[in-house]
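Look at the structure below and follow one helix first, then the interior of the chain. The explanation takes these two topics in that order.

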Amino acid sequence: MAAKIFDRFKVIDTDTHITEPADVWTSRVASKWGDLVPHVRKVEGRDLWFVGDEPAGGPGFYTMAGFDGSFPEVPLGYDDIPRASYDAKARLELMDQEGIHAMVLYPNFGGFGSGGFLRLKEPELMLECVRAYNDFLVDWCSEDPKRLVPVMATPFWDVAAAVKEIERCAARGHRAVLGASQPEAFGQPPVAHKHWDPIWAAAQDAGLSISFHIGGGDLSDLMNDPAEMGTKANFSKGGALAFLANQTCIANLIYGGVCHRFPKLDFVSVESGAGWLVGVIEALDWQWINGHVAKEHPEYDLIPSEYFRRQIYGSFWFENKGLRGALDAFPDNLMWETDYPHPTCQFPGPATSAQRPSEYAEWALGDVDDATLRKVLQDTPARIYGLEV
């Protein structure tokens, strides 16, 4: 009998999140800013983040692994969530229990495209808090830098500062750059605009990939329910449709010439699923050819599917049937994730039918050939994040 999948490879989880400890910023940011520095207060028994006197979410809202409930019912705070969500030693213990070799780490408080830092309003404080988070994450990952993979937050609203921060963080050990997939939601040019070229150039020079995590724009639709369909239905619908923004992001990268101008830069579509890739990439090719894009841009030497295969990657964590076509079409461009410890993560909880990561692998990937599994679970992410396997 063949060994189980997780026993055959050094499995890399390419999308997990860190629930930031309460003192991330208060212990690292200049005291002159007072209560404007992000800090945690307990309000009616619930741990909540505050900027000044404005609430800014809380650890329980996005740390749902193992929680028997779904939004708007969430854990109260740090005492009610897994220690592995905020403690590096506990995270490594969890990884050992689950048979996971390495985890790539994304933020919560600062937003999935770093837009959350804009709520601080003061540009100097915003930059100081981004730098503080990036330093904290390297320190957190120092518990085992061969297995914990830091992805830097980016002050995208200031391109010159972002370039300097990429250079600084690359030297400190960060493995990827968190990009803003919908910068127009924050009053910035769209991602296809050449305004962003210095950031792409800095990442390419540093050998770091760009991660576009879903939810990198305006998430207000998750909380607003104008159709009165119900809080849980609206939240779940918004989570599923967040994939659409990443489809648009990929189209912008290709049609806007970003991939052409930066051929050695890898882009990762994070937490966006993979089953839709075949149809979307086929549509991009069709419209490109029939729209005579090459006549307008003779410098473009590839078509969308070729740019995609060269330097864009997708990740998945719940699909089965829809995944097959993507694995057949793009075996070199897919990676696996768990989304730990978010509401729809792959660890036991209300949305996962108590399916553990290794159980999911056997269920969804059990009949996939080992050559493809090695790429998806191990070799592709190892290359992109510079890990030894």
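**One helix and the cores**

In this predicted model, helix 10 runs through residues 277-290, which makes 14 residues. From its first C-alpha to its last it reaches 20 Å, close to the 20 Å expected at 1.5 Å a residue.

Which residues of helix 10 are buried? They are L277, V280, I281, L284, D285 and W288. These residues cover an arc of only 135° around the axis, so they lie on the same side of helix 10. The other side of helix 10 holds E282, W286 and I289, which are exposed. Here, buried means under 20% relative accessible area and exposed means over 50%.

The buried residues of helix 10 are covered by parts of the chain that include helix 8 (231-255) and helix 11 (293-296). Helix 12 (304-311) and strand 11 (334-336) are also among the covering elements. After helix 10 comes H292, which has a positive phi, near 55°.

Now turn to the interior. In soluble globular proteins, nonpolar side chains tend to be buried together. The largest nonpolar core in this model has 105 residues. Helix 4 (residues 123-141) gives the most to this core, with 10 residues. W25, W200, F267 and L365 are the residues with the most contacts inside the core.

What does W25 touch, leaving aside residues up to four places away in sequence? Its contacts are E20, V37, P38, W49, F109, F117, C129, A132 and Y133. A second core, separate from the largest one, has 16 residues, including V149, A176, V270 and Y313.

How values were computed. Residues numbered from 1 in each chain as written. Predicted model: local features only at pLDDT ≥ 70, side-chain atom pairs only at ≥ 80, totals over all residues. Heavy atoms only, no water. Helix = DSSP H or I, 4+ residues; strand = E, 2+ residues; numbered from the N terminus. Expected span 1.5 Å × (residues − 1). Buried < 20%, exposed > 50% of the residue type's maximum accessible area, 1.4 Å probe, protein only. Arc of directions from axis to C-beta. Contact = heavy atoms within 4.5 Å. Core = buried A, V, L, I, M, F, W, Y, C linked by side-chain atoms within 4.5 Å.
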